[in-house]
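Got your viewer open and the chain loaded? Let's walk through it one selection at a time.

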Amino acid sequence: MSEIYSEIVGTGSYLPEKVLTNDDLSKMVDTSDEWIFTRTGIKERHIAADDECTSDLAVKAVEKALENAGLKVEEVDLLIVATITPDLVFPSTACLVQKKLGMKNAVAFDIQAACSGFVFGLTIADGMIKSGVYKNAVIVGAETLSRIMDWNDRTTCVLFGDGAGAAVLRATNEKKGILSYSIKSDGDYVDILKATGGPSATQTSGFIFMEGKEVFKLAVSRMPEISKEVVEKAGCSISDVDCFIPHQANIRIIDAALKNLDIPEEKVVKSIQYHGNISSACIPLALDIACKNGQLKKGDNVLLTAMGAGFTWGSVFLKF
Ligand code: UT7
């Protein structure tokens with residue numbers, strides 16, 4: 001029997017209508033467009049409406065991805081939602097999305113790997129497709145981070161936003177799609193980036209807390225390291241990468257990774273300016289943007305690299 005691969009056959013994304021600019025934020029906290037843009041590369045972020053939940057953003061991104069893939073909702077047999085801002089503690093946001101879309105033939109569940117969630121989700125779906133049991137998977141990263149933001153804390157509230165991005169992964173017998181991957185975590189770093197409360201914690205509600213400098217240092221070393229690892233695993237070298245899509249957390253982290261990996265500027269996708277850090281949604285959103293604007297073409301070798309709270313980090317190398 002020939003080997004099974006999984007290829008991305010459709011992408012979609014959604015950003016809420018409301019835009020919060022750096023100038024808007026400078027009226028809320030002691031900050032400026034100049035500080036935010038030079039330190040992070042962010043110009044604006046989108047904020048979900050009061051009646052919009054993570055599942056609503058996910059539904060819109062998934063609908064577009066299915067349309068782009070030419071796939072009917074009933075053909076999907078696996079739905080994975082990566083999020084750190086689920087609508088409810090339970091049931092899963094994935095089951096809410098399943099209900100809203102009438103995705104009756106899929107098994108749906110959430111995963112939580114913070115900003116690495118979409119990359120982790122791709123690897124899980126790849127394994128399930130390779131098993132031969134699943135054929136059409138949807139992986140969506142969706143967040144309403146504005147709901148867990150301390151809007152008085154200028155060190156975090158300028159960085160994050162809301163949105164969703166999705167990809168359709170389909171089984172194929174051709175050697176394309178996901179060629180290699182690596183995902184990692186290190187629980188020693190749980191305290192440098194976290195929500196300060198939760199249903200089973202002593203503090204039941206909380207906001208995003210981050211030791212920015214520590215996260216920055218880890219990101220600039222771990223992202224290039226794991227990127228090289230997966231490209232080599234596929235028997236390729238970094239010069240074979242046609243399109244590099246890193247997590248969009250800070251333009252300075254992306255630029256440091258480019259320098260370390262010696263990837264030329266024209267090969268990287270940078271969309272952070274328009275949406276800020278949306279955790280698990282960043283990579284699929286950037287992927288969708290790159291497909292739509294022609295930066296990413298069929299047959300390109302694509303490197304996706306993420307890192308986030310946990311600490312978690314991961315890379316996927318694929319032929320698009
Ligand atoms: O996806 C999850 C992963 N998260 C990340 O990747 C984030 C990683 N970290 C970062 O991106 C950066 O560390 C930040 C953007 C969060 C901060 O940049 P930094 O260059 O590390 O700045 P800093 O924390 O050292 O702060 C420099 C100064 C401080 O003032 P003093 O102590 O020098 O007087 C801060 O109080 O900037 C001040 N500051 C601000 N000033 C204006 C901090 N936030 C702001 C702000 N506006 N919003």
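Begin by selecting P91, which you'll find in the loop that links β4 (78–82) to α4 (93–101). Keep in mind as you click around that this is a predicted model. Now add F90 to the selection and look at the bond joining the pair: the peptide bond from F90 to P91 is cis, with omega near 0°.

**Two more loops**

Next, jump to F311, in the loop between β12 (301–308) and β13 (312–319). Show G310 as well, since the peptide bond from G310 to F311 is also cis. Its omega is near 0°.

Then go to A114. Its loop runs between β5 (107–111) and α5 (117–130). What should you check there? Look at phi of A114, which is near 50°. That is a positive value, and the residue is not a glycine.

**On to the ligand**

Select the ligand and bring up its surroundings, taking residues with a heavy atom within 4 Å. You should get 23 residues, and the closest are T31, R39, K213, N250 and N277. Colour this shell by residue type and it splits into 11 nonpolar, seven polar and five charged residues.

Time to draw some distances:

- From N277, pick the N or O atom of the side chain that lies 2.6 Å from an oxygen atom of the ligand.
- At R154, go for the backbone instead: a polar atom there is 2.9 Å from a nitrogen atom of the ligand.
- On W35, a polar side-chain atom lies 3.2 Å from an oxygen atom of the ligand.

How much of the ligand does the protein bury? On its own the ligand exposes 950 Å², and 74% of that is buried by the protein.

Switch on a pocket display if your viewer has one: the ligand sits in the second largest pocket. To see which elements build its shell, highlight α2 (33–40), α6 (154–157), α7 (212–233) and α8 (251–261), the elements that each give two or more residues. Linger on α7, which gives the most, with four residues.

**Zoom out**

Last stop: colour residues 5–175 as domain 1 and residues 178–319 as domain 2. Why does the ligand lie between them? Both domains give residues to the shell around the ligand, so that is where it ends up.

Methods:
Residues numbered from 1 in each chain as written. Predicted model: local features only at pLDDT ≥ 70, side-chain atom pairs only at ≥ 80, totals over all residues. Heavy atoms only, no water. Polar contact = N/O pair within 3.5 Å; in protein donor to acceptor, adjacent residues only side chain to side chain. Areas by Shrake-Rupley, 256 points an atom, 1.4 Å probe, with all protein chains shown as cover. 1 Å grid on protein atoms, 1.4 Å probe; cavity = no way out; pocket = protein on both sides within 12 Å on 5 of 7 lines; lining within 4 Å. Sits in = over half its atoms within 2 Å of the grid points. Nonpolar A, V, L, I, M, F, W, Y, C, P; charged D, E, K, R; others polar. Domains from an automatic or database assignment.
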